[in-house]
Amino acid sequence: MRILAIETSCDETAVAVVSSGPVVEISLISSQIDLHRPFGGVVPEVASRAHQEWLPKLVGQALDETGHTRDSIDAVVATRGPGLIGALLVGVSFAKSLALAWGKPWLGVNHLEGHLASLDLCEPPFEPPFTALLVSGGHTEYVDVNENWEVSFLGGTLDDAAGEAFDKVAAILDLGYPGGPVIEKSAALWTGDLHRFSEPMRGRPGCDVSFSGLKTAVALAVEQAQNGDREASRFAASFQKAAVDTLVRKLEVAAGLSGRNRIALCGGVAANQALRDAAAKLALKRDWQLGVCPKKYCGDNAAMIGAAAFRALRRDGWSSSQVDADPRLSLVGDQN
Ligand code: KG4
Ligand code: ZN
């Protein structure tokens, strides 16, 4: 089976062709970062318009470059939530219309299941069961995924998502947008001592995390720093360390809660090398197996939506034409 997959939940317009395996035949991403940068964050209306402009072009390009036509595509799938409602509606309406016109089935895919399914794109695929940290701009969730791909929620952020905290701290430090990559780059420049930010939620039972206090602590420290002491890269490195230590310490707790010896990282923030290294260190210490999403599939993309579609199809079957975008869609068992 070969699927045309579409992702438009936030600020990336993405199209992929994925066949059984899953094998990614093509994965195209048109990032809107330059459009949103002047506003310091994603502007929903701007995102919807850009999806409308780019989606048909990317679908055309994906078909041209792979040589596929409606005859060699078996289904059309699209992210149906969670995300920005206007942005989701562009992808869902397009996918349903194309499926109808081509006489093919369609499937609405959960974006968070997409991030989890990005672990199928590891080489070799990192198969469940595992305990995963799904860490992106909108979500920070510890989940258990069993052999049948049933997901249960173990804990998550009580306030800001980790990616959001990276974005806000980058703004505080005037490093630009989006925050994750610029904080990582700036942090790499610092080789001196670190400002000691306390690790949020350390010592508390369970695997909930919180980042708003850390963000405020960075803002205060920057305000109080003497002129000579204000290097952005020192704060970036210190914040990154506190955030990564928190995320990985709670991953260890989460795996303990679910009794797993297999852990996984996925989502936009999983592209962060310090986080990947810290997770690898944890796996080595505990003799656990670790699956880390390939960097190119950490941020939003349609290849992971195609991979998730194969799993969701086995579980739920095709979607009816009534299935629509749902901006608040959660993972099964998710209590966030
Ligand atoms: O998964 P994603 O592309 O979109 C959502 O579903 O939210 O994640 C985007 C988030 C942004 O907050 C971005 O700053 C963060 O992932 N991010 C990173 C890095 N690359 C992207 N955070 C830390 N380090 C990175 N290298
Ligand atoms: Zn995402």
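The following questions and answers go through a predicted model, from its ligand to its rings and its backbone.

Biologist: Which residues come nearest to ligand 1?
Modeller: The surroundings of ligand 1 hold 19 residues. Five of these come nearest, and they are G137, D167, G180, E184 and N272.

Biologist: How far is an oxygen atom of ligand 1 from a polar backbone atom of G137, and how far from an N or O atom in the side chain of D167?
Modeller: A polar contact is a pair of N or O atoms within 3.5 Å. With G137 the partner is a polar backbone atom, and the distance is 2.8 Å. With D167 the partner is an N or O atom of the side chain, and there the distance to an oxygen atom of ligand 1 is 2.8 Å.

Biologist: Which residue has a side-chain N or O atom 2.7 Å from a nitrogen atom of ligand 1?
Modeller: On the ligand side, the atom is a nitrogen. On the protein side, an N or O atom of a side chain lies 2.7 Å away, and that side chain belongs to E184.

Biologist: How much of the accessible area of ligand 1 does the protein cover?
Modeller: On its own, ligand 1 has 550 Å² of accessible area. The part of this area that the protein covers is 85%.

Biologist: Which helix gives the most residues to the shell around ligand 1?
Modeller: Three helices each supply at least two residues of the shell: α4 (111-117), α5 (162-172) and α6 (179-188). The one that gives the most supplies four residues, and it is α6.

Biologist: How many residues of the shell around ligand 1 are polar?
Modeller: The shell residues fall into three classes. Five are nonpolar and three are charged, while the number of polar residues is 11.

Biologist: How is the aromatic pair of F126 and F130 arranged, and are its members buried or exposed?
Modeller: A search of the whole structure finds two aromatic pairs. In the pair of F126 and F130 the centres are 5.5 Å apart and the planes are at 25°, and the pair is stacked. Buried means under 20% relative accessible area. F126 has 9% relative accessibility and F130 has 1%, so F130 counts as buried, as does F126.

Biologist: Why is the pair of F166 and F239 edge-to-face?
Modeller: A pair of aromatic rings is described by the distance of the centres and the angle of the planes. Planes over 60 degrees apart count as edge-to-face. The ring centres of F166 and F239 are 5.0 Å apart and the planes stand at 75°, so the pair is edge-to-face.

Biologist: Which helices does the pair of F166 and F239 tie together?
Modeller: F166 and F239 are both buried. The two parts they join are 73 residues apart in sequence. F166 lies in one helix and F239 in another, so the pair ties together α5 and α8 (residues 232-258).

Biologist: Which residue lies over the face of F126?
Modeller: F126 has its ring stacked with that of F130. At 4.1 Å from the ring centre of F126, over the face, lies R262.

Biologist: Where is the charged end of K57?
Modeller: The charged end of K57 sits over a ring. Its distance from the ring centre is 4.7 Å, and the ring is that of W54.

Biologist: Which loop holds P124 and P129?
Modeller: Most residues other than glycine have a negative phi, and most peptide bonds are trans. The bond from E123 to P124 is cis, with omega near 0°. The bond from P128 to P129 is also cis, with omega near 10°. P124 and P129 are both placed in the loop between α4 and β6 (130-135).

Biologist: Is W149 buried or exposed, and is D174 buried or exposed?
Modeller: W149 is in the loop between β7 (140-145) and β8 (151-156), and its phi is positive, about 65°. D174 is in the loop between α5 and α6, and its phi is also positive, about 60°. Under 20% relative accessible area means buried, and over 50% means exposed. W149 is at 4% and therefore buried, whereas D174 is at 70% and therefore exposed.

Biologist: How far apart are the C-alpha atoms of L154 and E141?
Modeller: L154 lies in strand β8 and is partly exposed, at 24% relative accessible area. Along the chain, L154 and E141 are 13 residues apart. Their C-alpha atoms are separated by 7.6 Å.

Conventions. Residues are numbered from 1 along each chain as its sequence is written. Chains are lettered from A and ligands numbered from 1 in the order in which they are written. This is a predicted model: local features need pLDDT of at least 70, side-chain atom pairs count only at pLDDT 80 or more; totals for chains, interfaces and linings use all residues. Side-chain values use heavy atoms; hydrogens and water are left out. A residue is near a molecule or strand if one of its heavy atoms lies within 4 Å of it. A polar contact is a pair of N or O atoms within 3.5 Å; within protein, one must be able to donate a hydrogen and the other to accept it, and residues adjacent in sequence count only if both atoms are side-chain atoms. Accessible areas come from the Shrake-Rupley method with a 1.4 Å probe; for residues, only the protein chains shown count as cover. Ala, Val, Leu, Ile, Met, Phe, Trp, Tyr, Cys and Pro count as nonpolar, Asp, Glu, Lys and Arg as charged, and the others, Gly among them, as polar. Rings of Phe, Tyr and Trp (its six-membered ring) pair if their centres lie within 6.5 Å; planes under 30 degrees apart count as stacked, over 60 as edge-to-face and the rest as tilted. Buried means under 20% relative accessible area, exposed over 50%, partly exposed in between (1.4 Å probe, protein chains only). A charge sits over a ring if NZ of Lys or CZ of Arg is within 6 Å of the ring centre and within 35 degrees of the ring normal.
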